[in-house]
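This report was prepared to accompany the sequence and the model shown below. It is intended to be read alongside them.

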Amino acid sequence: MTPPKQPSLAVLRRLWPYVLPMRGRLLGSAAAALGSMLAGLMIPLLIQRIVDGPIADGDRSALVLLSMGVLALGILEAGLIYLRRQLVARPTTDVEKRMRADLYHHLQHLPLAFHDHWRSGQLLSRAVSDLTTIRRFIAFSGVFLVVNVLTVLIGLVILLVIAPILGVLAVIMTVPLVVLCRRYERRYELAARRAQDQVGELATIVEESTLGIRVLKSFGHGPRATRNFLAQARELRRIELTKVRLLAALWTLIIVLPELTLAAMLAVGGYAVAAGSLTLGTVVGAIAILSYLRWPLDSLGWLLAETGNATAAATRYWEVRDVVAVVTDPPRPRAPARPVRGALRLEGVHYRYPDAVTEVLRGVDLEVRPGETVALVGATGSGKTTLTALVSRLADVTAGRVLIDGVDVRDLALADLRTIVATAFEEPVLFSASVRENVALGAPEVTDDDVRQALRIAHAEEFVDALPWGLDTRIGEQGLTLSGGQRQRLALARAVLGRPPVLVLDDPLSALDVHTETEVEAALRRVLRSVTALVVAHRPSTVQLADRVALLDGGRIAAVGTHSGLLAEVPEYRRLLSTMDDAMAAR
Amino acid sequence: MTETWQGVAAEDVDEIDTATGLRLAARSRRLLGSLLRPHLRAASAALGLLVVDQIAVLAGPLLIAAAIDRGIPAALDGQPGPLAWCVAGYAVAGAADALIVGAFLRLSGRIGQDVLVDLRRRVFAQTQRLSLSFHERYTSGRVISRLTSDLDSLQNLLDHGLEGLFISLLSIVGIGAMLLVLDAPLGLVALAGFIPLGLLTRWYRRRSQDTYRSTRTWVARVIVQFVETMNGIRAVQAFRRESRNSSIMDGLNGRFADADTEALSLIARFISTVRLVGNVSVAVVLLLGGLRVLDGTLALGVLTAFVLYLRRFYDPLDELAMFANSYSSAAAALEKISGVLDERPAVGDPVQPVALPVPVRGEVVFDGVRFSYSGPESVLPQLDLAVPAGQIVALVGPTGAGKSTVAKLLARFYDPVSGAVRLDGVDLRSVADADLRRAVVMVTQESFLFSGSVADNIALGSPSASRSDVVAAARAVGADEFITALPDGYDTDVRKRGGRLSAGQRQLVSFARALLADPAVLVLDEATSSLDIPSERAVQAALATVLAGRTALIIAHRLSTVLVADRVLVLSEGKVIEDGPPSQLITGTGPFANLHTAWRTALA
């Protein structure tokens with residue numbers, strides 16, 4: 001987590017590109033807001049005229065006429081209110097939509113290191129709650145902030161013109177008002193920022209305890225998880241109450257200062273009238289103007305609060321948007337060799353996790369020749385999975401390079417690279433979508449035949465056909481639950497679809513039972529014959545799929561050779577791969 | 001509403017028809033009532049503050065009028081006293097207004113926050129209480145959106161809505177009475193505006209309910225898509241699903257924006273029409289009243305007062321309209337939330353729990369157990385099984401044979417459709433959840449880690465455990481070595497879902513977690529699939545000592561694990577087709593012997 005920065009209004013200015021397309025409508029909405037306020041103000045003035053004029057004079061037709069005038073103003077006011085809201089309804093939801101789409105797009109392109117680092121709920125709360133806050137600000141608070149401040153300024157100018165002494169009083173009042181408001185506003189923004197971060201924390205707890213419900217249940221951890229959540233919810237309440245207290249103080253200030261000013265004006269004005277330096281009419285007028293300014297002034301309280309919320313939300317939004325996607329397309333991508341031969345070569349590859357002190361990989365040199373299968377063996381945590389992530393650039397090497405057909409993978413367009421290299425992960429991720437979608441993953445121009453062929457290779461066609469809706473069956477979290485072995489076979493099908501020249505398989509057989517394992521193994525053997533493959537292996541059965549074996553130890557390739565050769569010569573390899581199964585089976 | 005890529009699922013009954021709409025509305029009102037009830041006193045105090053505030057606010061103009069009518073003339077006569085009094089009075093009224101508003105905000109803020117904490121607690125506790133069958137049906141994304149964005153919209157209601165409701169109700173009742181007292185016929189004309197207003201509000205409530213229901217539904221889908229993408233980001237990037245995802249998100253996000261726009265546009269129509277009704281009423285009263293003044297049947301002063309009051313009468317209607325809006329949005333959220341709260345756990349805590357013997361021996365009996373997930377097909381047609389205390393049982397069999405189901409029934413993630421699972425002779429359905437979880441622990445293949453340190457994750461099994469207990473458990477499963485090698489040792493943050501650790505390391509941590517919990521019965525569902533051979537060897541060595549004196553049910557794909565067992569059960573289509581000690585079964589000609597041969601061939 002990055003520490004919360006002092007939010008500043010600059011982050012709101014950065015919203016401008018999003019607001020730009022709707023500037024016309026926004027201006028229109030502001031004009032309508034101003035217009036409806038004016039129309040609303042005119043109505044009592046007109047009523048005054050009616051009472052003083054036609055009714056006092058007994059002029060029936062003028063009464064009807066002026067009443068029609070009141071009606072017209074009333075309709076105008078209502079119409080302008082409608083216009084003000086309707087004009088910005090679509091554009092502001094569009095802003096929210098585009099900001100969310102851009103955030104989502106950006107997040108999808110950020111490297112794994114970023115995703116490991118950020119709490120998931122913090123991202124979610126930015127994508128939902130924060131954007132709603134920003135939308136509300138653009139549609140309402142922002143508009144009214146401008147309109148109301150303008151109204152107050154105009155009022156003050158009029159006051160200064162008609163009664164300079166009283167005007168000066170009002171201006172003097174604005175100095176402490178502005179200073180104190182700014183101070184409260186700043187403290188409010190900080191509290192708002194803390195509150196939104198806390199909302200993200202809550203979302204994280206919610207997400208984790210929902211996704212990890214099986215673990216929580218099997219340990220009877222539910223009540224404790226609830227207590228923990230409750231403590232965090234109370235913390236949010238505490239921060240929100242801080243906000244409330246600040247808002248209450250702000251609001252008190254915003255009410256009391258104009259009221260005291262009005263009292264002062266009444267006193268000064270009264271004595272000025274008594275002294276003959278001001279007329280009674282001027283004093284009444286001045287007081288009337290300040291009373292009209294009451295709503296715009298009062299509303300500043302929550303407008304400032306909303307601005308604080310929006311500033312904090314925008315700061316949080318840009319924090320994530322500003323993270324640079326370090327794994328990107330090169331400025332001038334090189335075209336991959338055609339046809340791809342699939343020679344994979346790691347040269348002096350180093351990798352260090354962004355915040356770690358020591359390197360996981362300390363100079364890995366490894367060559368996988370076209371069409372060859374190399375098994376990667378190493379102790380738990382030796383960096384095998386890290387290494388597989390480097391080939392398709394889910395992370396970038398910190399030193400050294402990874403070459404495919406002699407081209408540094410960082411010089412290839414990501415789309416090209418990830419078409420050439422397919423990766424199957426140890427823990428297969430299924431999306432809540434049809435089997436077809438899960439295998440094709442939305443790649444265009446993939447036919448059902450292609451999908452079926454991939455399923456056949458992964459030995460998954462049979463069980464897929466047995467599902468209630470075949471290829472159309474929804475799987476994943478919102479669909480049918482599959483067994484570990486079934487999931488792994490689908491992940492394999494996903495990887496072999498489209499016959500990628502280079503396959504990276506992270507322990508593809510770990511969750512299979514012995515029946516399926518032999519079958520998938522046979523299928524794999526067929527696949528591996530024609531492609532270059534790097535296969536992470538924990539067991540002899542997987543190792544035997546490979547032409548050669550590389551032992552990863554201490555961040556380097558410690559030995560390369562055949563299974564039997566390494567077993568005979570390298571003690572560490574023997575330790576890793578001579579199984580108890582062997583011992584037991586030999587019993 | 002279902003796109004083709006989503007595929008087909010058995011139950012896409014996400015949404016409700018209008019017939020149940022009323023019931024839902026009643027249910028969410030009940031929920032809101034039960035949330036507010038404990039705060040009635042504080043709420044009445046808040047209302048009282050507002051009444052006092054109204055008095056202070058109303059006093060202001062009177063004091064100004066007094067200052068102008070009496071104070072200034074008196075000052076002109078050389079008597080500054082009355083003016084000074086009026087000014088002082090005004091300043092006091094203004095200060096009182098300001099202080100009362102501040103106090104009201106603090107009070108109503110506290111009520112709102114208390115309600116939110118209460119609701120958050122209820123929903124969270126409920127989701128933890130509900131059984132797996134609920135979670136599998138309801139899915140995580142929707143639970144998350146209930147607890148995040150749905151609660152946001154309730155917060156919005158409590159933040160802004162209540163004040164508006166109070167103020168507007170106060171002035172409407174007060175001024176309405178005043179109008180009738182001033183002049184009954186004209187008062188009735190003025191109040192006639194309430195008939196269109198009532199109809200309008202009904203129209204709005206009905207329309208906005210549907211609209212807000214749809215915003216809630218779509219935002220939930222946006223959240224589901226978001227959460228799924230971020231959790232599967234590896235696969236997304238490796239398989240270039242980004243653009244496909246973006247187009248899916250654009251679709252959902254667009255529907256959400258449409259629903260939102262619809263809601264905003266509805267409220268634009270509603271609020272402006274409310275204002276229109278108010279303004280028309282003013283004009284009509286003015287005309288009719290004016291004519292009556294001309295006819296001499298109404299005093300001019302009464303008309304003036306009438307018109308001034310009328311304007312103030314319709315002003316707060318805006319606030320009321322805003323309240324109606326916040327309420328509609330919150331009501332849609334409350335409907336969904338109350339739906340979750342109304343769920344009864346399929347696997348519930350017993351009303352009168354039966355205590356397990358102390359210490360728990362760990363004798364497990366499946367007595368005529370039949371089980372099916374949904375639909376008529378039984379996963380287990382009829383299972384009878386007795387496991388004496390302390391026995392280690394391995395379950396083997398092909399995918400779909402029902403191995404995991406047996407494990408889940410023993411851990412009481414589900415209840416059998418008929419028959420009973422008994423622990424030390426007590427039906428699991430009669431055991432209090434806390435007792436059961438102390439006695440039976442299950443470790444699954446997916447080793448879910450929570451953000452926090454490695455030690456926190458291990459201690460999940462026994463929160464009161466000391467650091468040395470945690471280290472001892474880690475050492476017992478051979479995890480101590482890699483943990484101490486981490487940058488901060490046991491205090492290393494495992495990152496999101498344990499992203500910092502390898503799959504094998506995560507399994508070791510969850511294994512240590514189970515060990516630390518020290519249950520009488522341990523259920524291992526493919527808990528060692530990702531371990532490398534040395535780790536597995538360590539775990540197996542640990543198993544031999546750790547399982548001593550415990551009952552264990554192990555589902556494993558590896559022969560080595562099976563051979564640790566005292567007894568092997570071969571399952572096929574929910575039935576036990578072979579049962580006996582492994583050494584004996586190997587020598588036979590049954591399925592297990594064949595399996596054993598397959599293993600050996602695989603190893604050769």
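The sections that follow treat the sheet of chain A, a loop residue beside it, the sheet of chain B, and then the core and the contact between the chains. The model is a predicted one.

## The sheet of chain A

Chain A contains an open sheet of six strands with mixed pairing, arranged in the order E6-E7-E8-E3-E9-E10. Strand E6 (421-424) and strand E10 (556-561) of chain A form the edges, each pairing on one side only. On average, neighbouring strands of this sheet are turned by 20° against each other, direction ignored.

Strand E3 (373-378) of chain A pairs in the parallel sense with E8(A), through four bridges, and with E9(A), also parallel, through five bridges. Within the first of these pairings, A:Ala375 has A:Val535 of E8(A) as its bridge partner; within the second, A:Val374 is partnered by A:Arg548 of E9(A). How many residues of E3(A) are buried? Six of the six are, so E3(A) is largely enclosed by the rest of the structure. Burial holds for both faces of the strand: A:Thr373, A:Ala375 and A:Val377 point one way, A:Val374, A:Leu376 and A:Gly378 point the other way, and all are buried.

Towards the edge, E6(A) and strand E7 (residues 502-506) of chain A run parallel and are joined by four bridges. One of the bridge pairs consists of A:Ala424 and A:Leu505, the latter in E7(A). Two helices pack on this sheet. Helix H12 (residues 384-391) of chain A touches strand E3 (373-378), E6, E7, strand E8 (532-536) and strand E9 (548-553) of chain A, and its direction makes about 155° with that of E8(A). Helix H17 (residues 484-496) of chain A touches E6 and E7 of chain A, at about 180° to the direction of E6(A).

## A buried proline beside the sheet

A:Pro508 lies in the loop between E7 and helix H18 (514-529) of chain A. Is A:Pro508 buried or exposed? A:Pro508 is buried, because 27 other C-beta atoms lie within 10 Å, and 20 or more are required for that class. With neighbours within four places in sequence left aside, the contacts of A:Pro508 are A:Ala424, A:Gln488, A:Leu492, A:Leu524 and A:Val535. The C-alpha atoms of A:Pro508 and A:Gln488 are separated by 6.8 Å, although the two residues are 20 apart along the chain.

## The sheet of chain B

Chain B also has an open sheet of six strands, with mixed pairing and the order E6-E7-E8-E3-E9-E10. Its edge strands are strand E6 (440-443) and strand E10 (575-580) of chain B, each of which pairs on one side only. The average turn between neighbouring strands of this sheet is 15°, direction ignored.

Strand E7 (residues 521-525) and strand E8 (residues 551-555) of chain B run parallel and are joined by five bridges. B:Asp525 has B:Ile555 of E8(B) as its bridge partner. Helix H13 (residues 403-410) of chain B lies across strand E3 (392-396), E6, E7, E8 and strand E9 (567-572) of chain B, at about 150° to E8(B). Helix H18 (residues 503-517) of chain B packs on the sheet as well, touching E6 and E7 of chain B, with its direction at about 175° to that of E6(B).

The table lists the helix directions relative to strands in both chains.

| Helix | Reference strand | Angle |
|---|---|---|
| H12 (384-391), chain A | E8(A) | about 155° |
| H17 (484-496), chain A | E6(A) | about 180° |
| H13 (403-410), chain B | E8(B) | about 150° |
| H18 (503-517), chain B | E6(B) | about 175° |

## Core and interface

The largest nonpolar core has 366 residues, of which A:Leu376, A:Val377, A:Ala493, B:Ile458, B:Ala512 and B:Ile554 touch the most other members. Helix H9 (residues 222-275) of chain A gives the most to this core, with 23 residues. H9(A) has 54 residues and reaches 78 Å from its first C-alpha to its last, close to the 80 Å expected at 1.5 Å a residue. Just after this helix, A:Gly276 takes a positive phi of about 85°. Leaving aside neighbours within four places in sequence, A:Ala493 contacts A:Val439, A:Ala454, A:Leu455, A:Ile457, A:Ala458 and A:Ala460.

The contact between the chains takes 155 residues from chain A and 148 residues from chain B. On the side of chain B that touches chain A, helix H10 (residues 242-295) of chain B gives the most, with 29 residues. That side divides into 76 nonpolar, 42 polar and 30 charged residues.

Conventions:
Residues are numbered from 1 along each chain as its sequence is written. Chains are lettered from A and ligands numbered from 1 in the order in which they are written. This is a predicted model: local features need pLDDT of at least 70, side-chain atom pairs count only at pLDDT 80 or more; totals for chains, interfaces and linings use all residues. Two strands pair if DSSP finds at least two bridges between them. Axes are lines fitted to C-alpha atoms, for helices over the stretch in contact, and angles run from 0 to 180 degrees between N-to-C directions. Two residues are in contact if their C-beta atoms, placed from the backbone, lie within 7 Å. Ala, Val, Leu, Ile, Met, Phe, Trp, Tyr, Cys and Pro count as nonpolar, Asp, Glu, Lys and Arg as charged, and the others, Gly among them, as polar. A nonpolar core is a set of buried Ala, Val, Leu, Ile, Met, Phe, Trp, Tyr and Cys residues joined through C-beta atoms within 7 Å. A residue is buried if 20 or more other C-beta atoms lie within 10 Å of its own, exposed if 12 or fewer, and partly exposed in between; C-beta atoms are placed from the backbone. The expected span of a helix is 1.5 Å times one less than its number of residues.
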